Amino acid sequence: HTLQRSWRPMGLWQHLIAGDNATRGIVVSSGGSLLPLTWAGLALLRIMGSKLPIEVWHTPGEMTPDAESMLQLIGAAPKVIHTKASGYWLLPHVIAQTKFEEILFLGADITPLANLDTLFRHRDYRRTGALLTTDLQDVRTRSWYPDAWLRLGLQPPECKGPKRCADVWETDSAIMVLNKKRARERRFFRRSQQRG
């Protein structure tokens, strides 16, 4: 409660909570012990000038009324997701259920060092409708390689030599910028649903 009182006089960002017509926003899946990290990261984004509406998705029981109030102080709207999935596997459900067509998806424990709103203006995002960051793992070592690509009718990534190349790096979900409308136009989601 002390933190809430100390932030209230600042006017904060409660006016940034999205209305029904917002088409672009920040989406986070967080709950339980990750909430303090999520709040701190989102507060940093606000301090650095982010004006995007924010949704923080959680499963039932993961967020107290006090936690919801704290998120609202920084202009973040708590959202409950109803699915049997948990942990990392909530991510596709959250992306599907958010009302935003353009999503800046952030990991729950990210510590931003700059205003990330500008990622929507990145040339690669404008060109493709997606901006992904690489992780350290090689997808060829995973049990779902190459089947995940083949099920979608895609060519699995390969490297021309024995060394690992950029094509086989995993995608890190800590920061993703996605345009759902463009993905639907390319029928990616429909194709993946048809193949199970």
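Buried, in this talk, means under 20% relative accessible area. By that cut-off Glu170 is buried, because its relative accessible area is 10%. I will come back to Glu170 with its salt bridge. One caution before that: the model is a predicted one.

Let me start with the overall layout. The protein chain has eight helices and six strands. Read from the N terminus, the order is α-β-α-β-α-β-α-β-α-β-α-β-α-α. Of the 196 residues in the protein chain, 41% are buried. Take the contacts between residues at least 6 apart in sequence: 73% of them join residues at least 24 apart. The exposed area of the protein chain is about 11,700 Å², and 54% of it comes from carbon and sulfur atoms.

Now the salt bridges. How many are there by this rule? The count is five. I will go through three of these.

Glu170 pairs with Arg142, and their side chains meet at 2.4 Å, N to O. Arg142 sits in the loop between strand 5 and helix 6, while Glu170 is in strand 6, residues 169-179, so the bridge ties together parts that are 28 residues apart in sequence. Glu170 is the buried residue I opened with, at 10%. Arg142 has 32% relative accessibility and so counts as partly exposed.

The next pair is Lys99 and Glu55, with 3.9 Å between the closest N and O atoms. Lys99 belongs to the loop between helix 4 (91-97) and strand 4, and Glu55 belongs to strand 2, so this pair links parts that are 44 residues apart in sequence. Is Glu55 buried or exposed? Glu55 is buried, since its relative accessible area is 2%. Lys99, with a relative accessible area of 30%, is partly exposed.

The third pair is Glu102 and Arg24, a salt bridge of 3.2 Å, N to O, between the side chains. Here Glu102 is in strand 4 (residues 102-106) and Arg24 is in strand 1 (residues 24-29), so the two tie together parts that are 78 residues apart in sequence. Glu102 is buried at 16% relative accessibility, and Arg24 is partly exposed at 32%.

Glu102 has another partner to mention. Its side chain also makes a polar contact of 2.7 Å with the side chain of Tyr125. Tyr125 is in helix 5, residues 123-128, and is buried, with a relative accessible area of 3%. Leaving out residues up to four places away in sequence, what does Tyr125 touch? The list is Glu102, Leu119, Phe120, Ala130, Leu131, Val177, Leu178, Asn179 and Arg182. For Asn179, the separation from Tyr125 is 54 residues in sequence and 8.4 Å in space, C-alpha to C-alpha.

A second buried polar residue is worth a slide: Ser50 counts as buried, at 1% relative accessibility. Ser50 lies in the loop between helix 2 and strand 2 (54-58). The Ser50 side chain makes a polar contact of 2.7 Å with the side chain of Asp117.

Staying with that part of the chain, what makes up the nonpolar surface patch of about 250 Å²? The patch is formed by Leu44, Ile47 and Met48. Ile47 is in helix 2, residues 35-47. Ile47 is exposed, because its relative accessible area is 57% and exposed means over 50%.

Next, the covalent link. The structure has one disulfide, and it joins Cys159 to Cys165 with an S to S distance of 2.3 Å. Which hand does the disulfide have, and why? The torsion about the S-S bond of Cys159 and Cys165 is about -95 degrees, so the disulfide is left-handed. The two cysteines fall into separate classes of accessibility: Cys159 is buried, with a relative accessible area of 13%, and Cys165 is partly exposed, with 22%.

Last, the backbone. The peptide bond that joins Tyr145 and Pro146 is cis, with omega about 0 degrees. Pro146 is in the loop between strand 5 (130-138) and helix 6 (147-151). That loop also holds Arg142 of the salt bridge with Glu170.

That is what I have for today.

Definitions and conventions. Residues are numbered from 1 along each chain as its sequence is written. This is a predicted model: local features need pLDDT of at least 70, side-chain atom pairs count only at pLDDT 80 or more; totals for chains, interfaces and linings use all residues. Side-chain values use heavy atoms; hydrogens and water are left out. Patches are made of residues with over 30% relative accessible area and no salt bridge: like charges are joined within 9 Å, nonpolar side chains (Val, Leu, Ile, Met, Phe, Trp, Tyr) within 5 Å. Accessible areas come from the Shrake-Rupley method with a 1.4 Å probe; for residues, only the protein chains shown count as cover. A salt bridge is a side-chain nitrogen of Lys or Arg within 4 Å of a carboxyl oxygen of Asp or Glu. Helices (H or I, at least four residues) and strands (E, at least two) are DSSP runs, numbered from the N terminus. Buried means under 20% relative accessible area, exposed over 50%, partly exposed in between (1.4 Å probe, protein chains only). A polar contact is a pair of N or O atoms within 3.5 Å; within protein, one must be able to donate a hydrogen and the other to accept it, and residues adjacent in sequence count only if both atoms are side-chain atoms. Contact means heavy atoms within 4.5 Å. A disulfide is a pair of cysteine sulfur atoms within 2.5 Å.
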